[in-house]
Amino acid sequence: MANPIYISNPIAGDYLTLPNGETKPDGQFVSRFGFSPKTKQYKVVKYSDFVEIYTLGSGGWRRIEHVPPARHRSLFGTFVNGALHWLVKLPNGSVLRSFDLENEQFRAIPLPSSRVYYASFKRSNLGIFGDCLSLSSIGMYASDWDIEIWVMKEYGVKESWTKQLVIKSPSP
């Protein structure tokens, strides 16, 4: 098996090797693991030109066609509010895309209005701050830099993005 995907429980010392899906091992895809609190199911999602979903205990992958394009996916995503999240760069701008593990649907999540974020997509990361989705960005300019950390206080509501922290480069 080339490039297998493992799920492990390091505390119990257990691991599970997932069967191969249709995604080629050398193909470009991201995979994430999450839990749907409503369905009580653990799922692995592989996202490329299509989506493959492995529900633990099912024995195989399911394929979902007609997914939103994401040619320049961020390598790092995060799991919060029952959904997996990725930063995605598209030809006409950047989006924050979520995949809800209960209904297995994609959704666009609004990004904060930030000059730092828009200047530095490649230096942006998603995370969790408290129980909330967060976005950190490093903006590099001609002679200085800024780091911003934003938190979405009310999930899915653009106006709820709150700037939690700003670090500016020291003045010369």
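This is a short tour of selected residues in the structure, stop by stop. Keep in mind that you are looking at a predicted model.

**Stop 1: a nonpolar patch**

Select L16, F33, Y42 and L56 and switch on the surface. Together these residues make a nonpolar surface patch of about 330 Å². Now pick out Y42, which sits in strand β4, residues 41-47. Is Y42 buried, partly exposed or exposed? Its relative accessibility is 40%, so Y42 counts as partly exposed.

**Stop 2: L18**

Next, go to L18, in the loop that runs between β2 (14-17) and β3 (30-36). Hide the surface for this one: L18 is buried, with a relative accessible area of 1%. While you're here, add Y6 to the selection and draw a C-alpha to C-alpha distance. L18 and Y6 are 12 residues apart in sequence, and their C-alpha atoms are 6.1 Å apart in space.

**Stop 3: the salt bridges**

Time to show charged side chains. How many salt bridges are there in the model? The count comes to seven, and we'll call at three of them.

Start with E104 and R62. Their side chains meet in a salt bridge, at 2.5 Å from N to O. E104 is in the loop between β9 (93-100) and β10 (105-109), while R62 is in strand β6 (residues 61-64), so this pair ties together parts that are 42 residues apart in sequence. Colour the two by accessibility and you get two classes: E104 is buried, with a relative accessible area of 14%, whereas R62 counts as partly exposed at 38%.

Now select R63 and E65. These two form a salt bridge as well, with the closest N and O atoms 2.4 Å apart. Both ends are partly exposed here: E65 has a relative accessibility of 41%, and R63 has a relative accessible area of 35%.

For the third pair, move to K163 and E148. Their side chains meet in a salt bridge too, at 3.6 Å from N to O. What does this pair tie together? K163 belongs to strand β14 (residues 161-168) and E148 to strand β13 (residues 145-152), so the bridge links parts that are 15 residues apart in sequence. K163 counts as partly exposed, at 42% relative accessibility. E148, on the other hand, is buried, with a relative accessible area of 6%.

Before leaving the charges, select K43, R62 and E104 together. Salt bridges that share partners join these residues into one network.

**Stop 4: two positive phi angles**

Switch to the backbone and select H66, in the loop between β6 and β7 (72-80). H66 has a positive phi of about 55°, although it is not a glycine. At 80% relative accessibility, H66 counts as exposed.

Finally, return to E104. Which sign does its phi have? The phi of E104 is positive, about 55°, and again the residue is not a glycine. You'll remember that E104 lies in the loop between β9 and β10 and that its side chain meets R62 in a salt bridge. Put the two backbone stops side by side and the surroundings read like this: H66 is exposed, while E104 is buried, with a relative accessible area of 14%.

Key: Residues are numbered from 1 along each chain as its sequence is written. This is a predicted model: local features need pLDDT of at least 70, side-chain atom pairs count only at pLDDT 80 or more; totals for chains, interfaces and linings use all residues. Side-chain values use heavy atoms; hydrogens and water are left out. Patches are made of residues with over 30% relative accessible area and no salt bridge: like charges are joined within 9 Å, nonpolar side chains (Val, Leu, Ile, Met, Phe, Trp, Tyr) within 5 Å. Accessible areas come from the Shrake-Rupley method with a 1.4 Å probe; for residues, only the protein chains shown count as cover. A salt bridge is a side-chain nitrogen of Lys or Arg within 4 Å of a carboxyl oxygen of Asp or Glu. Helices (H or I, at least four residues) and strands (E, at least two) are DSSP runs, numbered from the N terminus. Buried means under 20% relative accessible area, exposed over 50%, partly exposed in between (1.4 Å probe, protein chains only).
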